[in-house]
Amino acid sequence: RRSRMRRNTDTENMHILYTGPVSLDILTSELPFAEVLHDDAFRFDMGSRLVLGFLARGHRVTVLKLTDCVRRDETRTCGNLTLKLFPGRPVREQYRHFYHHEVKTLARAIRETRPEVVFAQWTYEFARAALVSGYPALVVAHDSPWRILALMRDKARWLRTFYSQFLVFTKIKYLSAVSPYIVREMRRFNLYFRKVRCIPNAIPLAPGRVNTKTIRPRGKTVFCVTDWSRRKNPQALLRAFARLHPRHPDWTLKICGRGLSLDEEAGRVLRQEGVLPAGMELAGFKDHAWMDAVLRDEADVFISPTLEESFGLVFLEAMAQGVPCIGGARSGAVPWVLGAEDADGRPTPERAGGFLCDVRDSEQIAAALETVLEDEGLRRAYSRNGFRRAQTEFDMSLCVDRYLDALACVSRGGKGW
């Protein structure tokens with residue numbers, strides 16, 4: 001076992017095994033695979049971008065993927081990338097058997113692949129499979145199980161939280177987290193006191209790109225990307241905008257996400273409460289191209305009233321377009337992503353890419369919208385700060401380098417960790 005876990009020090013490149021969600025369409029369309037694969041379950045665009053980044057630097061990558069686009073185990077190879085695809089089971093079946101089948105399948109595939117290091121996403125079944133395989137593994141914490149449980153107390157969340165706490169965290173030797181907030185959560189609630197590397201999420205940005213966002217003297221368009229759930233808290237924003245609409249009839253709220261159309265839960269609840277002014281556009285689920293176009297061409301401010309975010313990628317996408325943001329002052333990683341706080345939680349308003357408020361209070365949300373939309377100078381400062389922060393702190397190439405450094409340390413048995 002010691003010999004199989006020893007890294008080949010004669011070569012700079014590694015054989016990395018990635019286990020966790022990826023978006024197959026990105027991998028198979030950007031590399032010359034014979035067929036572009038599309039799947040609905042376990043999608044994760046950033047995971048695919050990381051894999052492509054590893055390949056671009058000359059590393060060999062094997063991706064293990066549970067997917068609904070195959071009915072039997074399949075292996076597909078293109079250059080230095082190998083996809084090992086396994087049929088995914090319904091989530092209810094996974095919960096019923098405590099991920100036993102998923103962990104067994106993935107762990108067996110890891111042993112058969114014999115990588116130098118395993119790169120496991122989330123602290124649930126993918127991490128568990130990596131840890132029981134016996135190979136050196138870097139686990140990435142993307143959320144705080146206990147914090148989410150406090151907001152979503154259903155049976156599935158209870159199972160995932162206890163699974164993570166007692167079957168995963170007790171065995172993790174090398175852990176990274178996507179924000180300082182998650183690092184603190186791991187210490188406070190998961191009682192994980194080993195060193196944790198903070199490697200934030202990222203998005204691909206064009207080199208040398210400049211901020212071209214037009215800041216109008218008076219803003220009119222509010223944009224929000226969220227979901228209809230207690231954690232995402234869209235009801236507070238809708239009530240706040242309904243309060244503002246009589247005073248600002250020319251303002252528009254564009255909101256998109258699952259459950260957020262007139263034919264879904266959001267529309268039904270709003271009609272019952274009688275808070276559906278003409279200025280609201282409930283667009284439902286939309287793809288990234290549509291959202292990027294709204295951010296670029298229409299949005300004067302981006303807002304997300306989410307109660308808790310482990311990172312807040314939607315804020316980063318808005319900042320990368322130069323759009324001023326509004327977020328929760330106590331919404332997990334949101335203040336840090338916006339630059340309104342440093343890594344230790346100290347306020348840094350002069351570097352902020354957005355305005356913070358209490359998103360549990362619809363009156364405070366309404367006041368925040370008026371403050372930002374009616375102050376051109378404030379929006380210019382937020383646009384400038386947010387764009388600069390996205391370019392310097394959250395670029396995908398920087399993220400790839402950080403993960404490669406961490407993976408190299410893990411493959412060497414922790415030397416330099």
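**Helix packing, sheet order and cores in a predicted model**

Modeller: In this predicted model, helices α14 and α15 are roughly perpendicular to each other.

Biologist: At what angle do helix α14 and helix α15 pack, and how far apart are their axes?

Modeller: The contact between the two helices is made by Thr371, Val372 and Leu373 of α14 together with Leu378, Arg379 and Tyr382 of α15. By character these residues divide into four nonpolar, one polar and one charged. Because angles of 65 to 115 degrees count as roughly perpendicular, that description fits helix α14 (residues 362–373) and helix α15 (residues 376–393), which pack with their axes 6 Å apart and at an angle of about 90 degrees.

Biologist: Which strands stand at the edges of the open six-stranded sheet, each with a single partner strand?

Modeller: The order of the six strands is β11-β10-β9-β12-β13-β14, and their pairing is parallel. The twist from one strand to the next averages 20 degrees. A strand with a single partner has one side left without a neighbour in the sheet, so the edge strands are β11 (280–284) and β14 (354–357).

Biologist: Which residue of β10 is the bridge partner of Val222?

Modeller: Strand β9, covering residues 221–225, runs parallel to strand β10, covering residues 252–256, and five bridges join the two. In β10, the partner of Val222 is Leu253.

Biologist: Which strands does helix α11 touch where it packs on the sheet?

Modeller: Helix α9 (residues 234–244) lies across β9, β10, β11 and β12 (301–303), and runs at about 165 degrees to β10. Helix α11 (residues 288–297) also packs on the sheet, with a direction that makes about 150 degrees with that of β9, and the strands touched by α11 are β9, β10, β11 and β12.

Biologist: Which helix gives the most residues to the largest nonpolar core?

Modeller: This core has 101 residues, and those with the most contacts inside it are Phe54, Phe119 and Tyr403. Leaving aside neighbours within four places in sequence, Phe119 is in contact with ten residues listed by position, among them Ile16, Leu50, Phe54, Tyr403 and Leu407. The helix that gives the most, with ten residues, is α16 (residues 396–411).

Biologist: Is Ser179 buried or exposed, and what is its relative accessible area?

Modeller: Ser179 has its place in the loop between β7 (175–177) and α8 (180–188). Not counting residues up to four places away in sequence, Ser179 touches Cys198, Ser310, Ala333 and Trp336. Since buried means under 20% relative accessible area, Ser179 is buried, with a value of 0%.

Methods:
Residues numbered from 1 in each chain as written. Predicted model: local features only at pLDDT ≥ 70, side-chain atom pairs only at ≥ 80, totals over all residues. Heavy atoms only, no water. Pairing = 2+ DSSP bridges. Helix = DSSP H or I, 4+ residues; strand = E, 2+ residues; numbered from the N terminus. Axes fitted to C-alpha atoms, helices over the stretch in contact; angles between N-to-C directions. Contact = heavy atoms within 4.5 Å. Parallel < 35°, antiparallel > 145°, perpendicular 65-115°, else oblique. Nonpolar A, V, L, I, M, F, W, Y, C, P; charged D, E, K, R; others polar. Core = buried A, V, L, I, M, F, W, Y, C linked by side-chain atoms within 4.5 Å. Buried < 20%, exposed > 50% of the residue type's maximum accessible area, 1.4 Å probe, protein only.
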